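Dear colleague,

I am handing over the structure we spoke about, and my notes on it follow below. Please read them with the model open beside you.

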Amino acid sequence: MTKYIFVTGGVTSSLGKGIISASLAKLLQSRGYRVTIQKFDPYINIDPGTLNPYEHGECYVTEDGAETDLDLGHYERFLNTPTSKANNITTGRIYQNVINKEREGAFLGKTVQVVPHITDEIKRNFRILGESGDYDIVITELGGTVGDIESLPYIEAVRQFRWEIGSGNSLVIHLTLVPFLAAAGELKTKPTQHSVKMLLEYGIQPDILVCRTEHHLNMDIRKKIALFCNVNINAVIESIDASTIYDVPLLMLKEQLDKTVLTKLKLSHKNEPSLENWKDFLGRLKNPTADVRIALVGKYVELPDAYKSITEAFIHAGAAKECKVRVEYIPSESLTPGNAVEKLKGLHGVLVAPGFGERGFEGKIEAIRYVRENNIPFFGICLGMQCAVVEFGRNVLGLENANSTEMNPDTRHPVIGMMEDQKTITNKGGTMRLGAYACELKKNSKAAAIYGKTSISERHRHRYEFNNNYLKQYETAGLIPSGINPENNLVEIVELKNHPFFVGSQFHPELKSTVANPHPLFINFVAASLAYARKK
């Protein structure tokens, strides 16, 4: 029978439930168990696809085209296994499913209520991955904190679910904060006690407490927490601040979180964790032999979580090249023809980030012109690739005021235009080109050399595409469409001849970069930036 682990949070948000869930999953996976993680979010949006990145960080896209919470990126990066739409459920999706059933007549004669109808739908979603037969253990992270109004149906569903599947088949890990009060000079356990007390009021006794802290928990503190929160002393786990999230699995191993979990779930400690590759990655990450400064030009740079997968992909690629990648965030709105040189001076590479809308668009164009003319390594992702096409059209092909129809629907030279099948769509949520699509790379292209093959698959999230009416002009002038979708002939990759590294991808390669498999485009971009840095 599949075993279930629920991860809840208390005291405050942003304690790192996603990282703890991913770290535990990594440890269990390294012991030979088949593990997956799902995230339940308490907001009423159907998915994060329409949320501003300032609200919620980046929107992570799965292979099957689901727009999901950024924690799913952590799950994939740690476990090196893909997630799906079943791995991220929101309150909006739960209510939508229940309301659709009500309209179809599934509850005829019944008053539809939070209990049992909403909680039953939540429990049904708890089970979906477990009943697939693919996993021994399903870890379910519940967003928000205990005591939030919107979290209550999830907590009640967990209580019911645990009662239904019987003892020994599930456990609850509660993540809390043990703050250090400088004035008193000591750690305080009271917030954790109150958080657990609130969970108990809802009928759930946590099995394990993971305590986020800036200082080590001594035995007295652990005993106090165990006594007042009614858990075993070995179930009080210290989660101290780490220099990198990739340290956390090893910190949890030291705290024996995986052993405690397996004991409580009555599972065999069959193998010791096999983490040699992980330790090797950490060794290279922490002992770089060089460093490079790479600009990330985007419109949401005030919140680094808006580009989480990109910054993590740089970490993976940097470790692969034993190089520290120093990402410098540059707001695209701040770039003008007059200051682009000054702002980008001294950098060894420039990545122009994805995004939507006109704000900051012209700044991205200026950044690309500078790196193209000065042979500085350039990598454009999604809108970044489209900006490269517009810049080349304006400044090399002489297409006056060339543009994307997203920015100017009436442009004389729509070198980027909306896909035909997108033109009739009016709903915003979940309607873009989403998920994995095939791409054929031209033989002898830089892209084919980077990937080491000519058939690839990458994930997408966009409505606008390269306008094939301009294809010949671009190719003749040296901006080569080196990757094409075989089904609809859309351009997926462009690259510039006679440039150390100038690549734009319509897809999002950062979404497939993991610790075990750093993405080849990022590895090669970092290598080109490193070569440029050494030349200077």
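**Helix H8 and its surroundings**

On one side of helix H8, the residues Asp220, Leu227 and Phe228 are exposed, and please keep in mind throughout that this is a predicted model. The other side of H8, which spans residues 219–229, is where the buried residues Ile221, Arg222, Ile225, Ala226 and Cys229 are found. Viewed down the axis of H8, these buried residues fall within an arc of 130°, and they therefore line one face of the helix. Their packing partners are strand S9 (186–187), helix H7 (190–201), strand S10 (208–213) and strand S11 (236–240).

Both ends of this helix deserve a look. At the N-terminal end, H8 is capped by Asn218, which has a side-chain oxygen 3.1 Å from the backbone nitrogen of Asp220, while just after H8 there is Asn230, with a positive phi of about 65°.

**Helix H11**

Helix H11 (residues 276–286) can be read in a similar way, its buried residues being Trp278, Phe281 and Leu282. Because these fall within an arc of 95° when seen down the axis of H11, they line one face of the helix, whereas the face turned away from that buried side carries Glu276 and Asn277, which are exposed. Among the elements that cover the buried residues of H11 are helix H1 (17–30), helix H3 (71–79), helix H9 (248–254) and helix H12 (308–320).

**The crossing of H4 and H5**

Helix H4 (residues 91–104) and helix H5 (residues 114–130) have axes that come within 10 Å of each other and cross at roughly 115°, and the crossing is right-handed. On the H4 side, the residues that meet H5 are Ile94, Tyr95, Asn97, Val98 and Lys101, and they face Val114, His117, Ile118, Glu121, Ile122, Arg124 and Asn125 in H5. Sorted by class, this contact has 6 nonpolar, 3 polar and 3 charged residues.

**A histidine in a loop**

Lastly, is His519, which sits in the loop between strand S23 (502–505) and helix H18 (520–535), buried or exposed? Its relative accessibility is 3%, and since buried means under 20%, His519 counts as buried. A polar atom of the His519 side chain lies 3.0 Å from the backbone nitrogen of Leu521. Leaving aside residues up to four places away in sequence, His519 touches Tyr451, Glu458, Pro509, Lys512 and Ser513.

With best wishes

Conventions: Residues are numbered from 1 along each chain as its sequence is written. This is a predicted model: local features need pLDDT of at least 70, side-chain atom pairs count only at pLDDT 80 or more; totals for chains, interfaces and linings use all residues. Side-chain values use heavy atoms; hydrogens and water are left out. Axes are lines fitted to C-alpha atoms, for helices over the stretch in contact, and angles run from 0 to 180 degrees between N-to-C directions. Helices (H or I, at least four residues) and strands (E, at least two) are DSSP runs, numbered from the N terminus. A crossing is left-handed if the near helix is turned anticlockwise from the far one by less than a right angle, and right-handed if clockwise. Contact means heavy atoms within 4.5 Å. Ala, Val, Leu, Ile, Met, Phe, Trp, Tyr, Cys and Pro count as nonpolar, Asp, Glu, Lys and Arg as charged, and the others, Gly among them, as polar. Buried means under 20% relative accessible area, exposed over 50%, partly exposed in between (1.4 Å probe, protein chains only). The arc is that of the directions from the helix axis to the C-beta atoms. A polar contact is a pair of N or O atoms within 3.5 Å; within protein, one must be able to donate a hydrogen and the other to accept it, and residues adjacent in sequence count only if both atoms are side-chain atoms.
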